[in-house]
Amino acid sequence: MRQFALLLLLALAGCKTVDIKESMIIRPDALTQARPLPQQAFENGTALEVARPDGAVLHGVLVTRNGAERTLLYFGGNAFHLDESGRHVVAALEGCKANVAIFDYRGYGRSSGMPTVANMKGDGVAIYDVLAARYPGNVIVHGQSLGSFVAAGVAQERPVRGLVLETTATNALDWANNSLPWYFKPFINFKVDDALAAIDNVQVAGSIKAPLLVLAGGEDKTTPAAMSQRVFEASPAEHKRIVILPGAGHNSVLSNPSTTAALCPFIEG
């Protein structure tokens with residue numbers, strides 16, 4: 001609502017073009033205190049640390065499960081924090097026979113550094129490489145919302161076992177236009193900066209042949225299911241599936257009971 005109020009003031013002031021900058025989408029914590037993850041925070045969890053060339057240190061956890069042949073690397077949405085949401089992700093995936101790896105983005109939670117679109121994508125690839133060295137050929141990447149761009153970027157650069165895109169957007173401009181109420185649209189045009197304009201999951205999906213599962217919420221107002229459908233249709237993957245969950249919103253897809261029925265066979269296959 002605060003965003004909409006700002007846009008209304010701009011409209012009333014006669015402003016016709018609103019610049020959408022990287023800093024408006026990616027909002028790191030005001031103060032990040034990187035620290036090791038307590039082993040007891042996750043059952044069967046092991047703290048992981050990935051150092052980056054610019055000095056940033058990424059902190060995460062690997063939760064292992066007996067008999068698991070696959071490992072799922074999960075990238076959360078904007079404002080995702082390992083401490084606050086990590087256990088919910090692990091619990092939602094409990095029915096799947098897979099290890100689960102989750103990291104804080106740089107500048108968020110336990111990870112240090114300042115995030116940008118470019119270095120978040122690079123961080124994702126670096127984390128994937130660490131896990132792929134441990135579990136060669138068996139790492140699946142899963143991204144929710146903002147994380148869907150990171151996950152797709154990894155799948156574009158690396159031979160992932162599979163790709164899961166949850167409540168994905170198509171691109172930043174579509175997302176911004178969708179966030180604007182219809183009664184503002186005659187007054188405001190968005191201009192997306194180059195860093196954000198460079199990310200487009202429709203284009204990226206068109207270059208990824210890895211098995212794809214797209215999960216969308218039928219009641220998602222932030223990134224409507226129609227966006228997920230466009231990304232899904234762009235994929236040339238031989239094995240792909242889209243699941244639109246009626247009644248699910250932007251942040252309730254993973255916890256929806258119907259999700260496990262689609263997600264676990266995809267991960268384990």
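Which residue in β5 is the bridge partner of V61? Keep that in mind as we walk through this predicted model.

**Stop 1: the sheet**

Start by selecting the strands. You will find an open sheet of eight strands with mixed pairing, in the order β2-β3-β5-β4-β6-β7-β9-β10. Its edges are β2 (45-51) and β10 (240-245), each of which pairs on one side only. Look along the sheet and follow the twist, which averages 20° from one strand to the next.

**Stop 2: the hairpin at one edge**

Now select β2 and β3. They run antiparallel and are joined by seven bridges. To see one partnership, pick A51, whose bridge partner in β3 is V57. The two strands form a hairpin with five residues between them. Click on G55 in that turn: its phi is positive, at about 100°.

**Stop 3: from β3 to β5**

Keep β3 (residues 57-63) selected and add β5 (residues 98-103). These strands also run antiparallel, and four bridges join them. Here is the reply to our opening question: V61 has I102 as its bridge partner in β5.

**Stop 4: a salt bridge between loops**

Show the side chains of R106 and D54. They meet in a salt bridge, with 2.7 Å from N to O. R106 sits in the loop between β5 and α4, while D54 sits in the loop between β2 and β3, so the pair ties together parts that are 52 residues apart in sequence. The count of salt bridges in the model comes to nine.

**Stop 5: helices on the sheet**

Next, select α4 and watch how it lies across β2, β3, β4 (70-75), β5 and β6 (139-144). It runs at about 165° to β4. Then move to α9 (residues 225-234), which packs on the sheet and touches β7 (162-166), β9 (212-217) and β10. The direction of α9 makes about 175° with that of β10.

**Stop 6: two helices together**

For the last stop, show α4 (residues 117-134) with α5 (residues 146-157). They pack at an angle of about 60°, with their axes 9 Å apart, and are therefore oblique to each other. Their crossing is right-handed. To light up the contact, select M120, K121, G124, V125 and Y128 on α4, then L146, V150, G153, V154, Q156 and E157 on α5. What mix of residues makes up this contact of α4 with α5? Colour by type and you will find six nonpolar, three polar and two charged.

Methods: Residues are numbered from 1 along each chain as its sequence is written. This is a predicted model: local features need pLDDT of at least 70, side-chain atom pairs count only at pLDDT 80 or more; totals for chains, interfaces and linings use all residues. Side-chain values use heavy atoms; hydrogens and water are left out. Axes are lines fitted to C-alpha atoms, for helices over the stretch in contact, and angles run from 0 to 180 degrees between N-to-C directions. Angles under 35 degrees count as roughly parallel, over 145 as roughly antiparallel, 65 to 115 as roughly perpendicular and the rest as oblique. A crossing is left-handed if the near helix is turned anticlockwise from the far one by less than a right angle, and right-handed if clockwise. Contact means heavy atoms within 4.5 Å. Ala, Val, Leu, Ile, Met, Phe, Trp, Tyr, Cys and Pro count as nonpolar, Asp, Glu, Lys and Arg as charged, and the others, Gly among them, as polar. Two strands pair if DSSP finds at least two bridges between them. A salt bridge is a side-chain nitrogen of Lys or Arg within 4 Å of a carboxyl oxygen of Asp or Glu.
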